[in-house]
Amino acid sequence: MGIIAWALIGLLAGAIAKALMPGKDPGGCLVTMLIGICGGLLGGWLGKVIFGVHSIKGFFHLSTWIAAIVGSVIVLLLYRLFLGLRHREH
């Protein structure tokens, strides 16, 4: 998949992750896309390590989207935990 496809999947997966985990997050579209891209990479890696499958098969495969969304939820959770800890220190 090309860079544009990864960015589009990242934007959509990050937006879906934010919809699944409502709450206020700093950052706009760019942060959402970065969370989604990192989440897609994490989801693909976890799918390979845990289930032994190549989960990133192509833009229109369901496994690609599931891996990206699950990974994005994990990255968003870590992002919120990190920001929460950072705000408590100040």
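Leu81 is exposed in this predicted model. Its relative accessible area is 51%. The residue is found in helix α3. Because the cut-off for exposed is over 50%, Leu81 falls in that class. Leu81 also contributes to a nonpolar surface patch of about 640 Å². The other members of the patch are Leu62, Ile66, Val70, Ile74, Leu77 and Leu78. Residues three or four places apart in an α-helix point the same way, because there are 3.6 residues a turn.

Carbon and sulfur atoms account for 76% of the accessible surface of the chain. That surface comes to about 5900 Å². Of the 90 residues in the chain, 32% are buried.

The fold itself is made of helices. The chain has 3 helices and 0 strands. From the N terminus on, the order is α-α-α. Contacts between residues at least 6 apart in sequence were examined by separation. Of these, 68% join residues at least 24 apart.

Helix α3 covers residues 62–89. Two of its buried residues, Ser72 and Val75, were examined in turn. Ser72 has a relative accessible area of 0%. Ser72 is therefore buried, the cut-off being under 20%. Residues up to four places away in sequence aside, Ser72 touches Ala13, Gly14 and Ala17. Ser72 also touches Ile35, Gly36, Gly39 and Gly40. These last four are listed among the buried residues of α2.

Val75 lies in helix α3 as well. Its relative accessibility is 18%. Val75 thus counts as buried. Neighbours within four places in sequence aside, Val75 is in contact with Ile35, Cys38, Gly39 and Leu42. Ile35 and Gly39 appear in the contact list of Ser72 and in that of Val75. The C-alpha atoms of Val75 and Leu42 are separated by 8.2 Å. Along the chain, Val75 and Leu42 are 33 residues apart.

Helix α2 spans residues 29–51. The length of this helix was compared with the expected value. Its 23 residues should span 33 Å at 1.5 Å a residue. The end C-alpha atoms are 31 Å apart, which agrees. Just after α2, Gly52 takes a positive phi of about 70°.

The buried residues of α2 include Thr32 and Ile35. The others are Gly36, Gly39, Gly40, Gly43, Gly44 and Gly47. Leu41, also in α2, is exposed. Its relative accessible area is 51%. The C-alpha atoms of Leu41 and Ala67 are separated by 8.3 Å. Leu41 and Ala67 are 26 residues apart along the chain.

Thr32 lies in helix α2. At 9% relative accessibility, the residue counts as buried, because the value is under 20%. The side chain of Thr32 makes a polar contact with the side chain of Lys18. The distance is 3.2 Å. Neighbours within four places in sequence aside, Thr32 is in contact with Gly10, Leu11, Gly14, Ala15 and Lys18. Gly14 is touched by Ser72 of α3 and is in contact with Thr32 of α2.

Notes:
Residues are numbered from 1 along each chain as its sequence is written. This is a predicted model: local features need pLDDT of at least 70, side-chain atom pairs count only at pLDDT 80 or more; totals for chains, interfaces and linings use all residues. Side-chain values use heavy atoms; hydrogens and water are left out. Helices (H or I, at least four residues) and strands (E, at least two) are DSSP runs, numbered from the N terminus. Buried means under 20% relative accessible area, exposed over 50%, partly exposed in between (1.4 Å probe, protein chains only). Contact means heavy atoms within 4.5 Å. Accessible areas come from the Shrake-Rupley method with a 1.4 Å probe; for residues, only the protein chains shown count as cover. Patches are made of residues with over 30% relative accessible area and no salt bridge: like charges are joined within 9 Å, nonpolar side chains (Val, Leu, Ile, Met, Phe, Trp, Tyr) within 5 Å. A salt bridge is a side-chain nitrogen of Lys or Arg within 4 Å of a carboxyl oxygen of Asp or Glu. The expected span of a helix is 1.5 Å times one less than its number of residues. A polar contact is a pair of N or O atoms within 3.5 Å; within protein, one must be able to donate a hydrogen and the other to accept it, and residues adjacent in sequence count only if both atoms are side-chain atoms.
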